[in-house]
Amino acid sequence: MRSQASYMFISVIGILFIIILVGNSGQMRDLGSALLTRQVEGRALGIAGGNVHAPPKVALLFLTRGPMPLEAIWRDFLESCPIPWETIFRIHVHRPKGKEYPKKSLFHGRETDERVHVQWGNHSMVCMCFTMCILWLMTDLRILYVQIEAERILFSNALKDPSVQTCVLLSEDSIPLYPALLVYVQLCRENTSRVNVCANPDDPDDGNKRMNYRWVPEMEQAGVTQSLWRKSSQWIALKRQHVQMVVDDTVVNDAFARECYVAENRFCVSDEHYIPTLLALKGAEDGCDCQSSSVQTIWTPGAMHPKVFGPNDATEDVIRDELREENNKEKDCGTLVTTFEADHQDVWHVLLEDDDGHATMLQSCPLFARKIDLGDSSSTKGLQTWQSALESFIW
């Protein structure tokens, strides 16, 4: 089964390689796109045993409050892909009930049918202390309205397509940092999820890093001991088997709904703990890269919320050094990316020769970034500034 899947992926990569090599040749580009589209439709390429499979897909899952102010950037990202982007990506959006995107929107028709009205700061319950609610609003912890039930709805929608193998959680203030094809290949070549499911007993500060003081003994009824308590970024990338674990779970989900909330005498944020704790309980640590993050979020020491990047930050230096981290020699995020952008053949050679799951970059390199602000929401100037700055990075 594994060799069959590997043959399928390599065959798809081969077609993508041909498409990239022909550059701007319109006829060959159209031919390559047609070939891949035919494979998706099950009419072009056969693999072992005579079976025909669609290429693996990456699902981009957006947790939003409604508007998508960065839609134009996502359209640039997807439509600049040298093949029809629908053949390798899926989009699902969870937004408030009763709200739909205009017909011309990239996100129209991709909203989930099932939606939940989510409250601030907890798993599924209302904020029980007025003072605490005001503090949440004042500290700009806007993402806390995004809750586990909305994530589970998005995951369930993604799993309906059997070809989806990776799911990435994103917010309405997220942007891509690389071309669509590179992002796709990177995520498909990774064989682990980007979520922190690890504990380090040798680290004397491990408990504080996992915030195990938020755990309560009542969690043990669901099998969640304090040693299994985990903390991770909310904005993660999960492989299909881990998405399935989240969707299938009821016991741990119910325990978090009861015990993890924000109140005068309780401060527990499900988004940060539920999925990594569940995967730890399921023994999935070895299937996760605990040092990586799919979405770059910059935290200023001592600050209550992440750094916001406004129009004045929309420069090549900021994108390259802060968001992509190309100046981080330990991660070396820029080396193969530069090769990919300058000479596609070398990178595709690496991909085709290396069959042990390695990707174009280290998995610790972020592929997206968040907390992107356009400034005056009534003006398109901020959007145009970010589009211009990102053009050389994602097109």
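**Close-up 1. Arginine 214 and glutamate 272 meet through their side chains.** In this predicted model, a polar contact of 2.8 Å links the side chain of arginine 214 to the side chain of glutamate 272. To find arginine 214 along the chain, look in the loop between helix 7 (206–209) and strand 5.

**Close-up 2. The surroundings of arginine 214.** Leaving aside residues up to four places away in sequence, arginine 214 touches Trp229, Arg266, Phe267, Cys268, Val269, Glu272 and His273. Arginine 214 has a relative accessible area of 7%, and since buried means under 20%, this residue counts as buried.

**Close-up 3. An open sheet of four strands.** Follow the strands across the sheet and you meet them in the order 2-1-3-5, with mixed pairing. Strand 2 (89–94) and strand 5 (237–239) stand at the edges; each has a single partner strand, so one side of each is left without a neighbour in the sheet. From one strand to the next, the twist averages 20°.

**Close-up 4. Strand 1 beside strand 3.** Here strand 1 (residues 57–63) and strand 3 (residues 164–171) run parallel, joined by seven bridges. A handy landmark for this pair is alanine 59, which stands opposite cysteine 167 in strand 3.

**Close-up 5. Helix 5 packs on the sheet.** Helix 5 (residues 148–159) touches strand 1, strand 2, strand 3 and strand 5. Compare the direction of helix 5 with that of strand 1, and you will find an angle of about 155°.

Notes
Residues are numbered from 1 along each chain as its sequence is written. This is a predicted model: local features need pLDDT of at least 70, side-chain atom pairs count only at pLDDT 80 or more; totals for chains, interfaces and linings use all residues. Side-chain values use heavy atoms; hydrogens and water are left out. Two strands pair if DSSP finds at least two bridges between them. Helices (H or I, at least four residues) and strands (E, at least two) are DSSP runs, numbered from the N terminus. Axes are lines fitted to C-alpha atoms, for helices over the stretch in contact, and angles run from 0 to 180 degrees between N-to-C directions. Contact means heavy atoms within 4.5 Å. Buried means under 20% relative accessible area, exposed over 50%, partly exposed in between (1.4 Å probe, protein chains only). A polar contact is a pair of N or O atoms within 3.5 Å; within protein, one must be able to donate a hydrogen and the other to accept it, and residues adjacent in sequence count only if both atoms are side-chain atoms.
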